[in-house]
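Let's take a walk through this one, contact by contact. Have the viewer ready and follow along.

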Amino acid sequence: MSDKTMPPSHPFDDDKLREECGIFGVYGVTDAANFVALGLHALQHRGQEAGGIVAHHPDHGFNSARRFGYVRDNFTRQSLMETLPGPLSIGHVRYSTAGGKTPVIRDVQPFFGEFAMGGAAIAHNGNITNADALRKELVERGSIFQSNSDSECIIHLMARSLQRTIPERMEDALRRVEGAFSIVAMTRSKLIGVRDPLGVRPLVLGQVGDGWVLSSETCALDIIGAKYVREIEPGEMVVINGNGVESHHPFRPQKPRFCIFEHVYFSRPDSIIGGQSVYETRRQIGIELAKESPVDADLVCPVPDSGTPAAIGYSHESGIPYAMGIIRNQYMGRTFIEPTEQIRNMGVRLKLNVNRALIEGKRVILVDDSVVRGTTSRKIKEMILDAGAKEVHFRIASPPTAWPCFYGVDTPNREKLLAATMSEEEMRDHLAVDSLKFISLDGLYRAVGEAKGRDKSCPQYCDACFSGDYPVEPSDQIEKGFELKAAE
């Protein structure tokens with residue numbers, strides 16, 4: 001596979017929202033890069049396009065490796081991992097969001113820079129909403145960019161800072177940045193973690209032996225046997241060195257607005273967010289959905305794999321039997337052999353197959369996590385009907401996705417979002433199903449533990465993709481003509 005381009009994605013993946021990356025860092029263990037590779041493997045669901053690792057050894061300095069494809073296909077080779085020695089390492093897995101449409105290796109993080117006080121590498125989860133304005137300013141002042149990534153702006157802002165230390169320069173740089181960011185960074189002797197003041201994207205702290213770990217999710221701590229310590233707080237910077245963990249709060253405090261879609265889809269179900277099991281939250285979403293939108297049927301079937309916990313909850317609450325009516329091909333990667341047009345037209349069938357013996361003659365409730373463009377939903381409905389189902393009812397474990405995300409999620413333009421141009425009934429007609437219901441925004445809030453639902457005057461989460469309520473104004477997009485939701 002070329003280091004410059006990737007084969008086309010499978011059609012099933014083009015109709016899903018995609019978290020753009022996962023980050024992982026380790027301090028104070030022998031061969032830290034091996035631990036990082038394992039952590040990135042556990043975070044593969046957050047980014048399957050490419051990955052990178054940077055490590056530092058006192059005798060060998062900084063070394064890095066960046067590759068397209070899965071972690072398992074690149075960072076399990078001993079010959080590669082031996083080039084990344086040292087007790088300090090960070091890594092990144094990505095999908096692209098801001099930046100070029102065609103993947104290029106120079107966009108793969110972590111990014112590295114040499115400063116007067118030594119080298120530093122940085123890996124970023126999120127999206128900088130004023131990156132275009134910052135890049136224009138920096139280029140006019142002489143900066144030379146090597147990538148299309150918005151994250152590189154942080155390195156250039158650090159280079160121009162007049163602060164004395166790299167952590168201080170990072171603080172200085174991030175005060176210029178708008179949007180969402182969770183960051184792991186490293187110097188020759190420090191591991192650094194930062195979350196933006198709203199805490200939109202996740203970041204947790206763990207401990208492995210005498211060493212320390214930073215990770216996007218707790219599931220990646222489990223794979224290396226690390227103990228969960230706590231979440232990095234919104235607006236907090238931690239600096240980890242031989243003296244332990246130092247905590248700083250360099251930003252003006254704000255009310256947190258964590259991404260609610262992490263609960264619905266992005267995070268792995270075996271992770272813990274805010275003290276809550278992601279699996280249990282998704283099961284509660286199914287329970288709320290069954291209360292809000294009951295229907296007479298014979299089976300509740302998940303659209304695998306992300307719809308499974310919600311389908312279990314829906315079945316439990318409704319009393320309708322749960323069944324694996326759709327089987328996922330576990331060996332189908334995100335990319336496939338260069339497909340002929342005939343194979344491409346098979347679409348979802350390459351990845352999903354209907355369990356005909358269960359479905360035939362039944363009234364089926366399909367539970368999925370979201371509807372984006374609706375193309376996959378229509379194909380799945382056709383598969384269910386082809387298998388002999390009498391009725392097909394969709395129940396969706398998130399509210400209608402009607403607005404694009406500008407905080408680190410690969411979202412289509414608004415006009416391509418089905419819910420942006422159609423009512424729920426129009427979407428039902430478009431998908432040609434017997435019924436279609438989404439969980440309400442209040443129901444979603446109840447499922448994540450807010451008993452009274454959504455407080456419109458002060459939302460507890462970032463739910464902009466459902467509500468159009470953007471906690472940070474997407475200034476670059478507004479400059480390009482994007483229109484915010486009119487005040488109600």
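Start with Arg135: its charged end sits over the ring of Phe145, 4.2 Å from the ring centre. Keep in mind that this is a predicted model. A second arrangement of this kind involves Arg414, whose charged end lies over the ring of Trp403, 3.6 Å from its centre. Trp403 also belongs to an aromatic cluster, where ring pairs link it with Phe406, Tyr407, Tyr470 and Phe482.

That brings us to the aromatic pairs in general. A pair of aromatic rings is described by the distance of the centres and the angle of the planes. The count here comes to 13 aromatic pairs. One of them is formed by Phe261 and Phe466, with ring centres 5.6 Å apart and planes at 45°, so this pair is tilted. The tilted label follows because planes under 30 degrees apart would count as stacked and those over 60 as edge-to-face. Look at where the two residues come from: Phe261 is in helix H8 (residues 261–266) and Phe466 in helix H17 (residues 464–467), so the pair links distant parts of the chain, 205 residues apart. Both Phe261 and Phe466 are buried.

Now for the charged contacts. Side chains of opposite charge can pair when their charged atoms come close. The total is 23 salt bridges. Take helix H9 (residues 278–292), where Glu280 and Arg283 are three residues apart, which means about one helical turn separates them. Their side chains meet in a salt bridge, at 3.0 Å from N to O. Glu280 is partly exposed, with 30% relative accessible area.

Which residue does Glu292 meet in a salt bridge? The partner is Arg446, at an N to O distance of 3.1 Å. Glu292 lies in helix H9 and Arg446 in helix H16 (residues 441–447), so this salt bridge ties together parts that are 154 residues apart in sequence. Both ends are partly exposed: Glu292 has a relative accessible area of 28%, and Arg446 has 32%.

Another salt bridge joins Asp469 and Arg454, with the closest N and O atoms 3.3 Å apart. This pair also links distant parts of the chain, though here the partners are 15 residues apart. Asp469 is in the loop between H17 and helix H18 (475–479), while Arg454 is in the loop between H16 and strand E25 (461–462). Are the two partners buried or exposed? Asp469 counts as partly exposed at 28% relative accessibility, whereas Arg454 counts as buried at 14%. The two labels fall on either side of the cut-off, because buried means under 20% relative accessible area. Elsewhere, Arg46, Arg201, Glu217 and Glu262 are linked in a network of salt bridges.

What about the cysteines? A search of the whole structure finds zero disulfides. For Cys458, the nearest cysteine sulfur is that of Cys462, 13 Å away. A disulfide needs the two sulfur atoms within 2.5 Å, so a sulfur at that distance doesn't qualify. Cys458 is partly exposed, with a relative accessible area of 31%. Cys301, on the other hand, is buried, with a relative accessible area of 0%.

The backbone has some spots to check too. A cis peptide bond joins Gln109 and Pro110, with omega about 5°. Pro110 sits in the loop between strand E5 (88–94) and strand E6 (111–115). The peptide bond from Pro304 to Asp305 is cis as well, with omega near -5°. You'll find Asp305 in the loop between strand E18 (299–302) and H10.

Next, look at phi. Asp31 isn't a glycine, yet its phi is positive, about 55°. Asp31 is in the loop between strand E2 (21–27) and helix H1 (32–42), and it is partly exposed at 37% relative accessible area. Ala432 also has a positive phi of about 55° without being a glycine. Its place is the loop between helix H15 (424–431) and strand E24 (435–438), and its relative accessible area of 45% makes Ala432 partly exposed.

Finish on the surface, where Tyr322, Met324 and Ile327 form a nonpolar patch with about 230 Å² of accessible area together. Tyr322 is in the loop between helix H10 (308–318) and strand E19 (326–328), and counts as partly exposed at 30% relative accessibility.

Terms used. Residues are numbered from 1 along each chain as its sequence is written. This is a predicted model: local features need pLDDT of at least 70, side-chain atom pairs count only at pLDDT 80 or more; totals for chains, interfaces and linings use all residues. Side-chain values use heavy atoms; hydrogens and water are left out. Patches are made of residues with over 30% relative accessible area and no salt bridge: like charges are joined within 9 Å, nonpolar side chains (Val, Leu, Ile, Met, Phe, Trp, Tyr) within 5 Å. Accessible areas come from the Shrake-Rupley method with a 1.4 Å probe; for residues, only the protein chains shown count as cover. A salt bridge is a side-chain nitrogen of Lys or Arg within 4 Å of a carboxyl oxygen of Asp or Glu. Helices (H or I, at least four residues) and strands (E, at least two) are DSSP runs, numbered from the N terminus. Buried means under 20% relative accessible area, exposed over 50%, partly exposed in between (1.4 Å probe, protein chains only). Rings of Phe, Tyr and Trp (its six-membered ring) pair if their centres lie within 6.5 Å; planes under 30 degrees apart count as stacked, over 60 as edge-to-face and the rest as tilted. A charge sits over a ring if NZ of Lys or CZ of Arg is within 6 Å of the ring centre and within 35 degrees of the ring normal.
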